[in-house]
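Student: I'd like to learn how to read a model like this one, feature by feature. Could we go through it together?

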Amino acid sequence: MKVLVPVKRVVDYNVKVRVKSDGSGVDIANVKMSMNPFDEIAVEEAVRLKEKGVATEVIAVSCGVQQCQETLRTAMAIGADRAILVQTDEELQPLAVAKLLKALVDKEQPGLVILGKQAIDDDCNQTGQMLAALGDLPQATFASKIEVADGKAKVTREVDGGFETVELSLPAVVTADLRLNEPRYVTLPNIMKAKKKQMDVVKPEDLGVDVKPRLKTLKVSEPPKRGAGVKVPDVATLVAKLKNEAKVI
Ligand code: AMP
C-alpha cells in the first residue's frame with residue numbers, strides 16, 4: 001500500500017510574523033520557512049506504517065514554489081521514499097491544492113493519504129476535507145491514532161471532551177492531530193541519503209488543474225494590542241471589576 005503525504009512549506013512556527021503596511025498580507029521576505037508541523041507528524045506516521053510493514057512506499061508531495069524542494073528533502077530525511085513537487089509561483093488556496101492532490105491520487109492510487117489537520121500559515125483546515133470530497137473518499141480528521149489492517153483504517157479522533165473511533169475502508173483520507181506521534185529527529189546521515197532520493201517535478205498544467213485563486217483577501221490586520229494587567233488587592237475587588245468593568249459576570 002502506498003501512502004501519500006502532502007507537506008506544506010510555511011513560515012517557521014517560531015517566527016513572529018509582521019503584517020505588511022498596506023494590509024495585503026504578512027511579510028515573508030527573509031523569514032525562516034519550515035515544514036508545517038502537522039505535516040511532519042503526518043510523514044512520521046506514514047514512515048512508521050512502512051516500518052511496521054503496513055505501507056510499502058511513502059510519497060511526499062508539496063505544491064508551491066521551487067523552494068518547496070527543501071521541505072520535500074526534509075520529508076525524505078524523515079523516511080519518505082520519494083517526492084513530487086507540483087511547482088507553481090501562483091498563490092495556492094486549499095481548493096487548488098485539493099484538486100492537485102486529487103490528480104495525484106488518481107495517478108498514484110495510494111491506499112491512504114495523510115495530511116496535516118491544518119496549515120499554520122492560513123489556518124484553513126480545509127484541504128483534507130476537500131480532497132476527500134473531490135475523490136469521493138472516506139475521511140477521518142484530527143487523528144490521534146491510526147491502525148491499518150484488512151483493508152480498513154481504524155482512526156481515533158480528538159473531539160470535544162473525548163475521543164471518537166471510526167473505521168474507514170481504504171483508500172481513505174486522514175488528517176493528523178498534534179498527539180498522533182512525536183516526529184523523530186532528522187539525522188545527518190538521513191539528510192545525506194535524502195539528497196539521492198527521487199524527486200519528480202510537475203506543473204499544475206501537467207495535471208490538468210486550474211489553480212487560479214477563487215477567494216480574494218480583502219485585508220489582513222494585526223490583532224488588537226493587549227493592555228497592561230493590574231493587580232487587585234482582594235477577591236471582592238476582582239469580582240467587582242469583572243462585573244462592572246469587564247462585564248463578564
Ligand atoms: P489547510 O487546509 O491549508 O489548513 O492545510 C491542511 C493540510 O493540507 C496541510 O497540513 C498539508 O498537509 C496540506 N496542504 C495544504 N497546502 C499544501 C501545499 N501547498 N502543498 C502540500 N500540502 C498542502
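Student: Let's begin with the ligand. Which of the 18 residues around the ligand come nearest?

Tutor: Keep in mind that this is a predicted model. To read a site, start with the residues that line it: here Asp39, Ala119, Asn125, Gln126 and Thr127 come nearest among the 18 around the ligand. By class, that shell splits into 8 nonpolar, 7 polar and 3 charged residues.

Student: Which backbone atoms lie by an oxygen atom of the ligand, say from Gln126?

Tutor: Look for N or O atoms of the protein facing those of the ligand. A backbone N or O atom of Gln126 sits 2.8 Å from a ligand oxygen. For Gly116, a polar backbone atom is 3.0 Å from an oxygen of the ligand, and for Cys124 a backbone N or O atom is 3.4 Å from one.

Student: And how much of the ligand's accessible area does the protein cover?

Tutor: Taken on its own, the ligand has 490 Å² of accessible area, and the protein covers 98% of that.

Student: Which elements give two or more residues to the shell?

Tutor: Two strands do: S4 (57-64) and S6 (112-116). S4 gives the most, with 3 residues.

Student: Now salt bridges. How many does the structure hold?

Tutor: There are 17 salt bridges. For each one, check the distance, then where the partners sit in the chain, then how exposed they are. Take Lys8 and Asp121, whose closest N and O atoms are 3.1 Å apart. This pair links distant parts of the chain, 113 residues apart: Lys8 is in the loop between strand S1 (2-6) and strand S2 (9-11), while Asp121 is in the loop between S6 and helix H4 (127-135).

Student: Why does Lys8 count as partly exposed?

Tutor: Because its relative accessibility is 26%, and partly exposed runs between the cut-offs of 20% and 50%. Asp121, at 41%, is also partly exposed.

Student: What about Lys32 and Asp12: how far apart are the closest N and O atoms?

Tutor: They are 3.5 Å apart. Both residues lie in the loop between S2 and strand S3 (33-35), with their positions 20 residues apart in the count. Here the surroundings contrast: Lys32 is exposed at 56% relative accessibility, whereas Asp12 is buried at 6%.

Student: Which parts does the bridge between Asp81 and Lys50 tie together?

Tutor: The two side chains meet at 2.6 Å, N to O. Asp81 is in the loop between H2 and strand S5 (82-87) and Lys50 in helix H1 (residues 37-51), so the bridge ties together parts 31 residues apart in sequence. Asp81 is partly exposed at 23%, and so is Lys50 at 31%. Bridges can also share partners: Lys2, Glu57, Arg82 and Glu108 are joined into one network that way.

Student: Back to helix H2: which of its residues are buried?

Tutor: For a helix, ask which residues face away from solvent. In H2 (residues 68-78), the buried ones are Cys68, Thr71, Leu72, Ala75, Met76, Ala77 and Ile78. Then check what comes after: H2 is followed by Gly79, which has a positive phi, near 145°.

Student: Last one, the surface. Which residues make the nonpolar patch?

Tutor: Val230, Val232, Val235, Leu238, Val239, Leu242, Val248 and Ile249 make a patch of about 690 Å². One of them, Val232, lies in the loop between strand S11 (199-202) and helix H6 (235-244). Val232 is partly exposed, with a relative accessible area of 30%.

Definitions and conventions:
Residues numbered from 1 in each chain as written. Predicted model: local features only at pLDDT ≥ 70, side-chain atom pairs only at ≥ 80, totals over all residues. Heavy atoms only, no water. Near = heavy atom within 4 Å. Polar contact = N/O pair within 3.5 Å; in protein donor to acceptor, adjacent residues only side chain to side chain. Areas by Shrake-Rupley, 256 points an atom, 1.4 Å probe, with all protein chains shown as cover. Helix = DSSP H or I, 4+ residues; strand = E, 2+ residues; numbered from the N terminus. Nonpolar A, V, L, I, M, F, W, Y, C, P; charged D, E, K, R; others polar. Patch = residues over 30% accessible without salt bridge, like charges linked within 9 Å, V, L, I, M, F, W, Y side chains within 5 Å. Salt bridge = Lys/Arg side-chain N within 4 Å of Asp/Glu carboxyl O. Buried < 20%, exposed > 50% of the residue type's maximum accessible area, 1.4 Å probe, protein only.
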